[in-house]
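Biologist: Could you walk me through one part of this model in detail? I'd love to see how its two sides compare with what lies around them.

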Amino acid sequence: AKEGYCYSTIRVLVLTTVLRQAQEAGVELTAAQRDLAERMITRSDNGATETPLAQGGRDEVQRAAGLVGMTSTQIDEGWWGFWRTVPSDLSLMVDVVLSSDRVLDGARRTVARFLMADVVPSQRWGVFAPESRGVHVAAKNGWGPLPDGYRLNSTGWVIADDREYVLSILSRSTAGFSHGRRTINEVAGICHAAMADGLA
């Protein structure tokens, strides 16, 4: 339940904001919006995140957070990577965006799911770690250095033959990025195994 910086996990909420605005207007994303969405989610492109924020405004992102029910996520005037959240809010975000019609209709949920499943290989860690034949993941990671170590966060949806769940992890590694990535991968693996054994 501990609060932490969002880093790139919050891009999912930015994408949700763009999709919701298009849904309310009764239009599809433009080619430019689709390109920005792909770069933002699959490659963690900072510029592709800044553009929809500048166009739509942080108030619209806050409104989307309210529709999702992210009551413990703080959206302020600072850099979006330093907005603060808790794992339960991230899990709610993923669950609502990918499997509920509360905020997005089926077609727009499909857009979000496909993008989150198409993240580039170098960023497929954390919740992606159990990914293998028969295990499919749609997720978004976030990371960045601070004076006391790296923050590595991961949130996503996992489906396999015998289980389906949403998992969010916020972590701090005082031993650097690689150590943090190994650790968060192991945590995700433990959770995946526990779900298979019916322990969670």
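**A close look at helix α7**

Modeller: Happy to! On the face of α7 turned away from its buried side sit the exposed residues E186, I190 and D197. Exposed stands for over 50% relative accessible area, buried for under 20%, and partly exposed for the range in between, using a 1.4 Å probe and protein chains only. Please keep in mind that this is a predicted model, where local features need pLDDT of at least 70 and side-chain atom pairs count only at pLDDT 80 or more, while totals for chains, interfaces and linings use all residues. Residues are numbered from 1 along each chain as its sequence is written, and side-chain values use heavy atoms, with hydrogens and water left out.

The helix itself covers residues 177-197, 21 residues in total, and spans 30 Å from its first C-alpha to its last, close to the 30 Å expected at 1.5 Å a residue. That expected span is 1.5 Å times one less than the number of residues. Helices here are DSSP runs (H or I, at least four residues), and strands are runs of E of at least two, numbered from the N terminus.

Now for the other side: G180, I184, A188 and H192 are the buried residues of α7. Viewed down the axis, they fall within an arc of 110 degrees, so they line one face of the helix; the arc is taken from the directions from the helix axis to the C-beta atoms. An α-helix has 3.6 residues a turn, so residues three or four places apart point the same way. The buried residues of α7 pack against β4 (149-160) and β5 (163-173), with contact meaning heavy atoms within 4.5 Å.
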